[in-house]
Amino acid sequence: ASRAKKRRRNKAMVIGVTGTNGSGKGAVVEYLVSNKGFSRYSARTVILEEIRNRHLPETKSNMREVANDLRREHGAAYVIERLYEMAKDDAKAVVESIRTIGEAEFLKEQKAIILAVDADRRLRYERVANKKGFELAHISFEDFCEIEDREMASSEPWDMNVFGVMQLADSRIQNSGTLEELHHAVDQALMQVTREISSDS
């Protein structure tokens, strides 16, 4: 269900993308960039820069640890605040990926749109398990579920709580079908939130 309420139209359209592991967040972002004229801004860029400054291996666990360090030190929305500063002057920008409640609340304060992407858990596991070079590849379904449960619902404002962020989304996209169906779902979500922004402005 859409939650775009009483939102003023901004000169720029900024979309934040969140979602579960293996849901197809990257495919949604790629579609927005390739077909809808959006510029791409990734939290990974900011976090990797800090990891390299600390001379740490570029692993998923270090990504999370360093991101949490930055948020603890500078505030729960720090990473996304930096990306928003880069993105706000673009006519259309997509920011990936939103992982904490603080980040989602910051974007909503800026009148940005949040899209959440999800899919059946077993299907998401199969996608991740077959993804070459991905750190979660080749783990068991049970381990996948355990990692996801741990990462997706922290009570700390600076830590990952993707499930909580998804509850704040303006539109939720279910990606359990084909790529064509996903693109159609993105189109529908954009039409929905744009129409509601227009009617509220």
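Let's start with a network of salt bridges: D118, R121, R124, E148, D149 and R172 are linked together in it. Please keep in mind throughout that we are looking at a predicted model.

Within that group, have a look at R124. On one side, R124 forms a salt bridge with D118, where the closest N and O atoms are 3.5 Å apart. R124 also forms a salt bridge with E148, and there the closest N and O atoms are 2.6 Å apart. That second pair links distant parts of the chain: R124 belongs to helix α6, residues 121-129, while E148 belongs to helix α7, residues 141-152, and the two are 24 residues apart.

So, are these charged residues buried or exposed? D118 is buried, with a relative accessible area of 13%. R124 counts as buried too, because its relative accessibility is 3%. And E148 is at 0%, so E148 counts as buried as well.

How many salt bridges are there in the whole structure? A search finds 17. Let me show you another one, between R54 and D69, with the closest N and O atoms 2.9 Å apart. Again the pair links distant parts of the chain: R54 sits in the loop between α2 and α3, D69 sits in helix α3, and 15 residues separate them. As for accessibility, R54 is at 31%, so it counts as partly exposed. D69 is at 23%, and therefore D69 counts as partly exposed too.

Since D69 has brought us to α3, let's stay with that helix for a moment. Helix α3 has 15 residues, which at 1.5 Å a residue should span 21 Å, and its end C-alpha atoms are indeed 21 Å apart. Its buried residues are N62, M63, R64, V66, A67, N68, L70 and R71. What do they pack against? The answer is α2, α4, α5 and α7. Just after the helix you can find G75, which takes a positive phi of about 120 degrees.

One of those partners, α5, is our next stop. Helix α5 covers residues 101-109, and G102, E103, A104, F106 and L107 are buried in it. Those buried residues pack against β1, α3, α4, β4 and α8. Just after α5 there is another positive phi, this time of about 65 degrees, at K111.

Now for the strands. Take β3, residues 92-96: four of its five residues are buried, so β3 is largely enclosed by the rest of the structure. Which strands is β3 joined to? Five bridges join β1 to β3, and these two run parallel. Strand β2, residues 39-42, is joined to β3 by four bridges, and that pair runs parallel as well. If you'd like residues to click on, G16 has V95 in β3 as its bridge partner, and S42 has E96 in β3.

V95 turns up again in the largest nonpolar core. That core has 32 residues, and those with the most contacts inside it are I47, V79, I80, L83, V95, I98 and L107. The elements giving two or more residues to this core are α2, α3, α4, β3, α5, β4 and α8. Which of them gives the most? That would be α4, with six residues. As a bit of background, nonpolar side chains in soluble globular proteins tend to be buried together.

Let's zoom in on I98 from that list. Leaving aside its neighbours within four places in sequence, I98 is in contact with G16, V17, T18, I80, E103, A104, L107 and V165. There is also a second, separate core of 18 residues, and V28, L115, A189 and L190 are among them.

I'd like to finish with one more residue, D170. Where is it? D170 lies in the loop between α8 and β5. With a relative accessibility of 0%, D170 counts as buried. What does its side chain contact? It makes a polar contact with the side chain of K108, at 3.4 Å. The D170 side chain also reaches the backbone nitrogen of I114, at 2.8 Å.

To recap, we began with the salt-bridge network that includes R124 and E148, went through the buried residues of α3 and α5, passed strand β3 and its parallel partners β1 and β2, and ended at buried D170. Thanks for listening!

Note on methods. Residues numbered from 1 in each chain as written. Predicted model: local features only at pLDDT ≥ 70, side-chain atom pairs only at ≥ 80, totals over all residues. Heavy atoms only, no water. Buried < 20%, exposed > 50% of the residue type's maximum accessible area, 1.4 Å probe, protein only. Contact = heavy atoms within 4.5 Å. Pairing = 2+ DSSP bridges. Salt bridge = Lys/Arg side-chain N within 4 Å of Asp/Glu carboxyl O. Core = buried A, V, L, I, M, F, W, Y, C linked by side-chain atoms within 4.5 Å. Polar contact = N/O pair within 3.5 Å; in protein donor to acceptor, adjacent residues only side chain to side chain. Expected span 1.5 Å × (residues − 1).
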